Amino acid sequence: MKFGFDIDDTLINLREHAFNIYNKNLNQNVGLDVFHTLKRVEIHEAFGLSDEQGKDMWNSSLEEIYYTSCPAFPDAVQLLQELDEQGHEIYYITARPKEHGERTKNWLIENGFPVQEGRFFYGMKDEEKINIIRELDLDFYFDDKPAVLETLSNEPVQLFVKDQSYNQHLGVPRFINWSEIAETLKSGNKKM
Ligand SMILES: [Mg+2]
């Protein structure tokens, strides 16, 4: 089977990692309870920043956000390794900017994610992911972002949304922990 994955906030806990970095660099101490109530993907509001200030903050922190110790969500690495070992095809489809593509790929490999040549896509806009997903003819696709999942709602691919505070309105099969997906795939394996 062909499995497609978004990276940020689907496989790895990037926003929370960025939230901690903002606290440190802005010398603030905003609690994670605030983080968990955010209704937007963007996190700057919690620090009293305007959209413009937030954009600047994000861009100037990007190096630190992307390439330090952002943790993968529990069981994500293990599940992808197992799928890879079982012969399934693993694709990564991230809207991270073009200039971060190769380094992001290397970061994934260094952190234990199985990355095969030609199965890592980056630098597209959210609404352009659909073109790659169609072309690859994926069986499963996992993402967190409403703007992406909404464009895919009429596609034959089986979608799953990683549960986040800003995607509660989406009517897509939802999971909180990757272990739930591992279980779902195991029980569905008889048909696969
Ligand atoms: Mg994402």
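How many bridges join strand β1 to strand β4, and in which sense do the two strands run? Select residues 2-5 for β1 and residues 140-143 for β4, and you have two parallel strands joined by three bridges. Strands here are DSSP runs of E with at least two residues, helices are DSSP runs of H or I with at least four residues, and both are numbered from the N terminus. Two strands are said to pair if DSSP finds at least two bridges between them.

Before going on, note that this is a predicted model, in which local features need pLDDT of at least 70 and side-chain atom pairs count only at pLDDT 80 or more, while totals for chains, interfaces and linings use all residues. Residues are numbered from 1 along each chain as its sequence is written.

**First stop: the sheet**

Stay with β1 and select Phe3, whose bridge partner in β4 is Phe140. Phe140 also stands opposite Gln158 in β5, and this leads you to the next strand, β5 (residues 158-162), which pairs with β4 in the parallel sense over four bridges. Further along β4, select Phe142 and then its bridge partner in β5, Phe160.

Now add helix α7 (residues 146-151) to the selection, because β4, α7 and β5 together make a right-handed β-α-β unit, where right-handed means that, with the strands pointing away from the viewer, the path from the first strand over the helix to the second runs clockwise. While β5 is still selected, notice that four of its five residues are buried, so this strand is largely enclosed by the rest of the structure. A residue counts as buried if 20 or more other C-beta atoms lie within 10 Å of its own, as exposed if 12 or fewer do, and as partly exposed in between, with the C-beta atoms placed from the backbone.

From β5, move on to β6, which pairs with β5 in the parallel sense over two bridges. Val161 has Arg174 as its bridge partner in β6, and Lys162 has Phe175. With the whole sheet selected, you can follow six strands in the order β3-β2-β1-β4-β5-β6, which form an open sheet with parallel pairing. The edge strands are β3 and β6 (174-175), each of which pairs on one side only.

**Second stop: the cores**

Which residues touch the most other members of the largest nonpolar core? Select Phe5, Tyr91 and Tyr92, which have that place among the 27 residues of this core. A nonpolar core is a set of buried Ala, Val, Leu, Ile, Met, Phe, Trp, Tyr and Cys residues joined through C-beta atoms within 7 Å. Among the elements that each supply at least two residues of the core are β1, α4 (76-85), β2 (89-94), β3 (120-122) and α8 (178-188). Centre the view on Phe5, which, not counting residues up to four places away in sequence, touches Thr10, Leu11, Tyr91, Tyr92 and Phe142. Two residues are in contact if their C-beta atoms, placed from the backbone, lie within 7 Å. Apart from the largest core lies another, of five residues, among them Ala18, Tyr22, Ile43 and Met57.

**Third stop: the two domains**

Colour residues 2-12 and 71-188 as domain 1, and residues 14-67 as domain 2; these bounds come from an automatic or database domain assignment. The centres of the two domains, taken over C-alpha atoms, are 23 Å apart. Eleven residues from domain 1 and eleven residues from domain 2 take part in the contact.

**Last stop: three loop residues**

Select Leu49, in the loop between α2 (32-35) and α3 (51-67). Leu49 is partly exposed, with 18 other C-beta atoms within 10 Å, and, leaving aside neighbours within four places in sequence, Leu49 is in contact with His44, Gly54 and Met57.

Next, select Asp75, in the loop between α3 and α4. Asp75 is not a glycine and yet has a positive phi of about 75°, whereas most residues other than glycine have a negative phi. Asp75 is partly exposed, with 15 other C-beta atoms within 10 Å.

Finish at Asp137, in the loop between α6 (129-136) and β4, where the phi is again positive, at about 55°. Asp137 counts as exposed, with 10 C-beta neighbours inside 10 Å.
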